[in-house]
Amino acid sequence: MIYLQLFLSFMKIGLFSFGGGYAMIPLIQKEIESHGWLSASQFVDIIAIAEMTPGPIAVNSATFVGYKAAGIVGGLIATIGVATPSLVLILIVSRYFFKFQDHPVNKMIFYGIRPVIVGLIFSAAVFVAQTAFLKESTVLNLSYMLENFLYIINFKGVLIFAISLICLVKFKINPILMIVISGILGLLITI
Amino acid sequence: MGELWKLFATFCRIGAFTFGGGYAMLPLIQKEIVEKNQWATDEEVLDYYAIGQCTPGIIAVNTATFIGFKRKGIPGAIAATCGIVFPSIVIITIIAAYLKHFEDYAIVQHAFGGIRVAVAALILNTVIKMWNTSVKDWLGILIFSASFVAVAFFNISPIIVVVISATLGIFTANTRTDVR
């Protein structure tokens, strides 16, 4: 029964991946290959599509694979499968979290952890900025990057970034509006 | 019913404008959840992310479940989770069904090129906003810098960094005024 297989496979993917989107890709690949749901070229498409469309990458991939394997119902079932472990685990954790939220030890722990998460958010910003600012995303060699600085940096991207940041910090522009404007801007001036 | 619908609709809006998962969702969470609806504070959102980072699963769904549960218990958690995945289901189904090689269309690539730049600015703006509420002293600055370097340059698992920092938080508690 393909629906049950889809549900179980994506539940497994949801359950065994820590740290979101990209960490799930090898797991998704393994499940797809063992069931023969997609061809190798279709799999490469998934990653690109999941990235370029709104929504969590893991959820997007689940819907795509499910649809290709078993139509609309397949997409729905794979998506429910991938989200179920998160839902169940967090329901269990949140009961205790809200119970002990004001406990002194809990406060001490999160005092230490919050700067970590801000650090992780910052590294996410750097990661996205790097893909937006560099023309050749495959270049990893630092000395090559410094030598060819002028050719690699996407100056249009950097300029739009600076303007966006000013709009956000100074004028508190709504994030949704920002996304819409930047999409249109991308079409007009080809960043 | 009203509140459940509001949870669903709010997370739907967040899901529909999040490009790139987990951390790209934070600017929208901050606007819609913290500022507009005041369903959680900045600190609480960071705490949910910390837990999401250390438990299996999709961080976006983990966060939605947390906030949904806080507002309306289990039905709230389900409503918020349905909301966050709903746009994906609709958009991806349409693409999978009708648009072959969606990612190769010039119009898609150009729009995405613009959006990616804005996402970088949005996430950095979140760092600036979160800084004041969560990095409070020299220890915070140290932990922030060490975590960034560990994860960005050395590929160290965030879970390890979280555990070490939690321990530091406990052992330095007597030097701080925040804990009574």
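At what angle do the axes of helix α6 and helix α7 of chain B cross, and within what distance do they come? Before selecting anything, keep in mind that this is a predicted model.

**First stop: α6 and α7 of chain B**

Select residues 138–154 of chain B for helix α6 and residues 158–171 of chain B for helix α7; their axes come within 10 Å and cross at roughly 160°. Because an angle over 145 degrees counts as roughly antiparallel, α6(B) and α7(B) are roughly antiparallel to each other, and α6(B) passes α7(B) in a right-handed crossing. Now show the side chains of B:Ile143, B:Ser147, B:Ala150 and B:Val151 in α6(B), which meet B:Pro158, B:Val161, B:Ser165 and B:Leu168 in α7(B). Coloured by class, this contact has 6 nonpolar and 2 polar residues, with no charged residues.

**Second stop: α1 of chain B**

Move next to residues 2–16 of chain B, which form helix α1, a helix of 15 residues that reaches 21 Å from its first C-alpha to its last, close to the 21 Å expected at 1.5 Å a residue. Within α1(B), highlight the buried residues, which are B:Leu7, B:Phe8, B:Thr10, B:Phe11, B:Cys12, B:Ile14 and B:Gly15. To see what these buried residues pack against, add α2 (26–36) and α4 (59–98) of chain B to the selection.

**Third stop: α2 and α3 of chain B**

Keep α2(B) in view and add helix α3, residues 42–54 of chain B; α2(B) and α3(B) pack at an angle of about 135°, with their axes 11 Å apart. That angle makes α2(B) oblique to α3(B), and the crossing of the two helices is right-handed. On the α2(B) side, pick out B:Leu26, B:Ile29, B:Gln30 and B:Val34, which meet B:Asp42, B:Val45 and B:Tyr49 in α3(B). The residues of this contact divide into 5 nonpolar, 1 polar and 1 charged.

**Last stop: α8 and α9 of chain A**

Finally, turn to chain A and select helix α8 (residues 155–171) together with helix α9 (residues 175–189), which pack at an angle of about 155° with their axes 12 Å apart. The two helices, α8(A) and α9(A), are therefore roughly antiparallel to each other, and α8(A) passes α9(A) in a right-handed crossing. The contact is made by A:Lys156, A:Ile160, A:Ser164 and A:Leu168 of α8(A), together with A:Met178, A:Leu185 and A:Ile189 of α9(A). By class, the contact of α8(A) with α9(A) has 5 nonpolar, 1 polar and 1 charged residues.

Note on methods: Residues numbered from 1 in each chain as written. Chains lettered and ligands numbered in written order. Predicted model: local features only at pLDDT ≥ 70, side-chain atom pairs only at ≥ 80, totals over all residues. Heavy atoms only, no water. Axes fitted to C-alpha atoms, helices over the stretch in contact; angles between N-to-C directions. Helix = DSSP H or I, 4+ residues; strand = E, 2+ residues; numbered from the N terminus. Parallel < 35°, antiparallel > 145°, perpendicular 65-115°, else oblique. Left-handed = near helix turned anticlockwise from the far one by under 90°. Contact = heavy atoms within 4.5 Å. Nonpolar A, V, L, I, M, F, W, Y, C, P; charged D, E, K, R; others polar. Expected span 1.5 Å × (residues − 1). Buried < 20%, exposed > 50% of the residue type's maximum accessible area, 1.4 Å probe, protein only.
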